[in-house]
Amino acid sequence: MRPTIPLVLALAARAHAEPRPSTAAEAIDPVLAMYIAEAEAHADAHPETILVDGDASPVDTPSAGVRVVDERELQLTPHKNGDDLLRVVPGLYTSQHGSEGKGQQFFLRGFDAVHGADLSIRVGGIPLNELSNVHGQGYADLGFVVPEAAGGLVARKGPFDLEQGWFATAGSIDMELGTTARGSRVGYELGSTRRHRLVAVEAPVGGPTAELVAAEVMRDEGYGASRGTEKASVIAQTELTAGRVKLRPLLVGYASTFGEPGVIALQDIARGTFDRDSAPAGELEGQSQRMLAGLGASWKHGADEVIASTHLGWRRLALDENFTGFLVNEVEGDARRQQHRAITGGGRVAWRHRVAPWLRVLAGGELMRDELVQSEDRISTLGEVWRNERALAATTTSLGAWVGAEAKRGHWVAVAGVRADGMYVAATDRLDLMRSGAGTVGAVSPRASVAWRTPEASISLSAGRGVRPPEARAFTQRASREGTAATVYDGGDPEITMANAVEVGGERRWGRVAAGVTGFATWIDHESVFDHLSGVNALQDGSRRLGVEAFVELSPLPWLAVRGDVTAVDARFVVTDNPVPGAPRLLATGEVRVDRKPWSAGLAGRFLGPRPLIHGASAAASHVLDAVGTWTRGRWTLTAQIDNLLATDWNEGEYNFASQWDPSMPRSELPRVHISPGRPFGVRAGAAIQF
Amino acid sequence: MRTACMFLVLVGCGTSREAATVELPVTTAASALPPVATDLGYEVTVTDLRIAISALQFTIEGEMHAGTAANDIAQRSGATSIIALPHPGHSAGGEVTGELPGDFILRWNGRPQPALGTATLVAGDYHGANFALRAATGADGLDAADPLLGHTFHLEGTVGKDGTTRPFVAVLDVEPDTTVIGAVFEDEITETSTETLAVEFLAADPFEGDTPFDTIDFFTLPETAGRIEILPGSTTHNILRRAIQTHDQYAVVAQ
């Protein structure tokens, strides 16, 4: 059974408090003491825990939609790469419409978060969402994450935590890097898709969990045509202690090349033009590269603690894609080339000051500077550029600050405060300098959570606002109105999209069994969507999302953990009452973990109900079961992973739009359903040796 | 019943399903075009109007805010749909959800016209129509002497002012790839819809009252055989062309 949030926080507090004599200011309140007792009672069941925000006492925002997953649970989750580790987040559906190496499409709580527009993701404390990425606002690429280096994650659904910044409209995920498996390891993995993966991990014995170097080199031909991937990634992180200060330097290097097969129209499959393994787009491909340096720091003295981090990164993404064939241009085809380069730097400071045993004041700020150059061109079937559609250089200076308080008294916990986010954007349109422009946007987000908790039960109520920034292109000047009728919409100013959310949840624990249910609602008054073709900021009507989540987890034996959860959401636009396209209405997952040395195994199943697509089409329901098993003896560990154990034909992604791949068919602009096939049955076997 | 259906939708092992469509006949309105008054005081009556078009499309507004209508945005971009290159998860799908592909000659002369064809429309709430303008060819079944051949518009009618009435004819060309985007088409289409869709020419803007003939001083134009002529190459041709190719002059109605 995974530790519940209060349990983990208690462990974190205890881990920090133990080495030093406690003072009155650091005294553990009775509720915390109960959680510690609970933690000790289950110490064997979850020997590892992760410390939110490093070593200092985390802010205990008591919202219900939070799940903490430790390193061991991640390792026993069937996974092929770092992206797959996010499957442990209840209600999160990820979809790949390229191939391994391209950023995932995320769906959470009724949001189609595209590539990260509504889901804030941090790894090692560093924000991954890319402001104004040419491929999509908030693009979050987890390709560099070596799974063996993932030390755990915290998923916070909803925008209720004061430290959640841009893109946390649906929620946020913080993945920690580190490992408790100390020593040197080298492993090799061979997969049925001609996958070859070499991984090495150096985690000095006796060193802190966060200290490791992990590197992987991988080549995979993938399933079907044009789904191959080649990548190399290295992550190096250590932890230094100097007096009361702990420093955590991090270095990341990553490069990958991956196929861009396109998506397949069901009508073309039925007609025999393509099959599920086809790559309509041919041999197009993408490239993703990243260099990243980060430094985390924590300091605690008396009633004060400070958590800080800074980061500097270089990023490149290049995508050649074609999803519509020859619909728009019958001769050259509709392929496009997107290129994006950015240098991003930033820092963050969170200060927590205990003014009374039951009360802490919280304050913090973060600053980020992003300099990007991006372009989008139309390319021919030979890969030659035949039209420039977009060329932009932009700098974004983003600032966020929050202030609030955390109170714990008796069985009550409350965290409340307000957050302000703003950004200044200067955008240079390199195709038309006269259209270059600049602007500032800002938003204030009140957030509050209150909970009544005992070791056996908890009830919480949360409310808050999440924010999604406009992209840099939206700050370019509007085109001339000459020759345009006065009634034609000229676009609005770039705006921050604000999502107001509430959540109420309860959890009950009976020994080794726990169950909980959470209801949530989110309202967006209107969305500012930059339309790349017309060059205007179009206002999209408001939307609302109503949903419920429930989970059950049990640990009937010390080495056996079972969990199931289900999320049902009704997401609609308020004016038309149309459903939000693509957003899952029903998503259920089940996990079984066996951890009895020398054997361990994990089984993960998912049922995705039918999803509404745009214009009244619908995506199929699907169910997938994946498995992982390991056997360890001495220095050796053997691992087997099975994708799609039941060998079902399932569609990872489904979309409804027009395309024209078959020139013999009459040209039509009517939308039709396209699919991105899910992983077929596949096996990966690996061996690792520990030095 | 609805609850039961919702439950089945939620938990049923449904398969992928294309959007529901319906096929509806399309024609041009049979009624005679009413006379209109121009800003210069002329009364213009079009007795016969023909336009060479292709690819009639029907669009929904989608989730765009009122006043940000998709058709307006499309017109701003000069494209027939607001998203040129659909991409999974990125506003997937243009707003075109109905179409009648092919080349057609639209005609309004006060008499019923043969159906242009059968359009396929996805069920939905429609707000606009688009079509492309083109030059008429022999493939349209025109005689070699037909004045529309090689041109896009052919208008015949009368123009009167101060008790004087004269016939006029106009032949107009358009620039390549000219499209009419956002003609009014307000209709809720369902799987069981059976109406006929009729394309209308609006000789006067129903909201603002202006006409495509505004600013044209007819009685100063050259005549041939007693008939005022507006032909390609003249300033008047360009004025009339610019006005008559806007979406304000067209509508599609259900009959």
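Strands here are DSSP runs of E, at least two residues long, numbered from the N terminus. The model is predicted.

**Exercise 1.** Locate P598(A) relative to the strands, and describe the peptide bond that joins K597(A) and P598(A).

*Solution.* Start with the flanking strands. In chain A, β28 covers 586–596 and β29 covers 599–608. P598(A) sits in the loop between them. Next, take omega: about 10° for the bond joining K597(A) and P598(A). That bond is cis. As background, most peptide bonds are trans.

**Exercise 2.** Work out the strand order of the open three-stranded sheet in chain A, and name its edge strands.

*Solution.* The order is β2-β3-β4, with antiparallel pairing. Now look for strands that pair on one side only: these are β2 (92–95) and β4 (111–112) of chain A. Both are edge strands. Then check the β3 to β4 link in chain A. Strand β3 spans residues 105–108 and is joined to β4(A) by two bridges. Across this pair, L108(A) stands opposite F111(A).

**Exercise 3.** Classify R109(A) and V114(A) as buried or exposed, and give the sign of phi for each.

*Solution.* The cut-off for buried is 20 or more other C-beta atoms within 10 Å. R109(A) has 30 such neighbours, so R109(A) is buried. V114(A) has 25, so V114(A) is buried too. Now phi. R109(A), in the loop between β3 and β4 of chain A, has a positive phi near 50°. V114(A), in the loop between β4 and β5 (119–123) of chain A, has a positive phi of about 50°. Neither R109(A) nor V114(A) is a glycine.

Technical notes
Residues are numbered from 1 along each chain as its sequence is written. Chains are lettered from A and ligands numbered from 1 in the order in which they are written. This is a predicted model: local features need pLDDT of at least 70, side-chain atom pairs count only at pLDDT 80 or more; totals for chains, interfaces and linings use all residues. Two strands pair if DSSP finds at least two bridges between them. Helices (H or I, at least four residues) and strands (E, at least two) are DSSP runs, numbered from the N terminus. A residue is buried if 20 or more other C-beta atoms lie within 10 Å of its own, exposed if 12 or fewer, and partly exposed in between; C-beta atoms are placed from the backbone.
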